[in-house]
Amino acid sequence: MDHQPKFFENLSGTGKAIGVLTSGGDAQGMNAAVRAVVRMGIYVKAKVYFVYEGYQGMVDGGDNIVEVSWESVSSILQVGGTVIGSARCKAFRTREGRLQAAYNLVQRGITNLCVIGGDGSLTGANLFREEWSGLLEELAQKGKIDEEAVKKYAYLNIVGMVGSIDNDFCGTDMTIGTDSALHRIIEVVDAIMTTAQSHQRTFVLEVMGRHCGYLALVSALACGADWVFIPEYPPEEGWEDSMCVKLSENRARKKRLNIIIVAEGAIDCHNKPITSEKVKDLVVQRLGFDTRVTILGHVQRGGTPSAFDRILASRMGVEAVLALLEATPDTPACVVSLSGNQAVRLPLMECVQMTQEVQKAMDEGRFVEAVRLRGRSFENNLNTYKLLSHKRPDAELPKTNFNVAILNVGAPAAGMNAAVRAAVRVGITEGHKMFAVIDGFEGFARGKIKEISWGDVGGWTGQGGSILGTKRTLPAKYLEKIADQMRTNNINALMVIGGFEAYESCLQLHEARSRFEEFCVPVCVLPATISNNVPGTDFSIGADTALNAIVETCDRIKQSASGTKRRVFIIETMGGYCGYLANMGALAAGADAAYIFEEQFDIRELQANVEHLTEKMKTSIQRGLVLRNENSNENYTTDFIYQLYSEEGKGVFDCRKNVLGHMQQGGAPSPFDRNFGTKISAKAMQWISKKLKETYRKEEGKVFANTDDSVCLLGMRRRNLVFQPVAELKNETDFVHRIPKEQWWLKLRPLMKILAKYKTSYDVSDSGQLEHVAMHSPKEAETGAI
């Protein structure tokens, strides 16, 4: 990217008025989006208005449309639902209603609307925009507004954000609320699993998703469900028999429980509904299993938003304001959305049309097409689920005679076990013999290695920590012993799951190839660490779980201050020298500052932060939150900062400090980590199979891989999953501080500062281009997104 950075200081909102409304069904994270729109709007000197109760409030006017201040959105980041209310509105569907709404907006000079809702709400907004000039003319004819107003407010700009727990909107990988809904589902599934285990029960769980099976599919993937029913992929004729066979086979394999997940809109191939009751009756009649139904219902819409949803909504809210400032009468109404790890803008109507195409394909029974239209992420989820849930009979499995070993290296991270499970099962499906190494390279050197089967990894997805055991030891001191073990067990490929140590280990193995031929085999590293400090990837398995633990604790700490006014909390997070957890935690918890190693700070900055908090205490928000990464500065320690704040804030606020410690490493993995771990692991295993075929020397009867591209790290970069040779990543690494030299999330730092009311400059070079909704070819689904 050689382009000159473009900063948004050049974009001024002076004289502009922005209205923000939430419409349709509520979703967790809507408040984070509202907060970001309000604060970014005020930051660029625009006026911002709440429109209460969705379109109904716009039609009714009066107290429903109110100008808001910075403090109006304080303390809403962690609240589920929407604080400005949402309602279904019949009046707005009539031209009369829209005429009244236009009048109410013009009265306040609002010509920029930010709509947070589903496809229905966004379609309504687009129609309103198209009719706008006609509506104003009509108001002028009726004498309600003058010609001056018609000219002054000639155009209405609209930007949409999709708030929907179903993730049913084409063009965006994740809609606001989806991740939080998955959190609710997984919490319930984890709880149900323990009781089902005790009684050897079968549970049928019904989750939301009338027209879209995303929640059902992803939760099935995240908990290793035995069977899943979704509207986009109805089961084949005779599914009743195959499901019952599968359930009884699982019981025969000593599995004490069965979980079946049903989307509320599930259908069979004749478009007849499949209900949870129907599934239950079938299991009871045919197998006589003790079966229970649990319908999750509105629990899925409730609760606090997850860290992912807060960050997503905050990023989108800021992007939406930028899009409104840059909009011209000729730019089409757009939605801001997420593609991979990129915020993008897409034409609203293209997305809506494609979303409607999916429904049409389903109605007409073109189910393969429906899955493809849902996008590559959905397609990938489905393919991975199919790969991992059904074991083919041994007789049908290919036999490759390759042995593949899996090990965990470094500190434990939630999601490691999900990755091991996926690797073992995909490996077995591909015909390999899978081996598990206990306790990392140390265990490897001691010969702690055993074959692992399909059933051995059942129920692993929801387990935190590392079941195989993990050590930080690097292989350098045991090279000879490890080579011996590789030879003894005839290991033809390695999968190493872990953090920075895993990456360093594989570099050491790569460099030792000249001395030990045993290491001339395909090796793949999967990044798994809460610190998210591995080069070559934007995300690591485990970081999302840790971030949620931090944010949950910050919420509680903030709440403890609501009774005692004027208190500032200083919270220390883990991460080594990498500031990812502190920075993203601060963004998701609504902190006032985050001290990180990557952005050096001095005493003047600490002083400025204290003054900023002193000013804040004069407003109605009388508490502060400051995060500090454990290694951000060797002299400005957490104690030092605590003492400085205490001294400087005397008489204005008092201080408390918390060191979060190892709670950040524990806990059940979040839905994101289970899924990310499962999907990248399955992909890595397929890569290993491909490399084994390529490097097998028939005449010698062995695998020999000695090129750089046979030791790779699989990471997510912007929008794609990519295999990168570890040798090439060396140049991108700061080995002293164990972090990548360039980190994408530093671009989000100004975002946190703006939302905490600091003046800063924000590079918006990446945003601003309106893209088109890509129709993904089946090939792309294999290469790209997660």
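Student: How many helices and strands does the chain have, and what makes a stretch count as one?
Tutor: The chain has 25 helices and 27 strands. They're DSSP runs, numbered from the N terminus: H or I over at least four residues for a helix, E over at least two for a strand. Keep in mind that this is a predicted model, where local features need pLDDT of at least 70, side-chain atom pairs count only at pLDDT 80 or more, and totals for chains, interfaces and linings use all residues. Residues are numbered from 1 along each chain as its sequence is written, and side-chain values use heavy atoms, leaving out hydrogens and water.

Student: Why is the chain called as compact as a globular protein of that length?
Tutor: Its radius of gyration, taken over C-alpha atoms, is set against the globule rule, 2.2 Å times the number of residues to the power 0.38. The chain comes out at 27 Å, close to the 28 Å that the rule gives for 786 residues, so it's as compact as a globular protein of that length. Along its principal axes, the C-alpha trace spans about 90 × 70 × 50 Å.

Student: Is Glu148 buried or exposed, and how do you know?
Tutor: Buried means under 20% relative accessible area, exposed over 50%, and partly exposed in between (1.4 Å probe, protein chains only). Glu148 has 54%, so it's exposed. By that scale, 62% of the chain's 786 residues count as buried.

Student: Where does Glu148 sit?
Tutor: Glu148 is in helix α5, residues 147–152. Its C-alpha atom is 30 Å from that of Glu53, 95 residues away along the chain.
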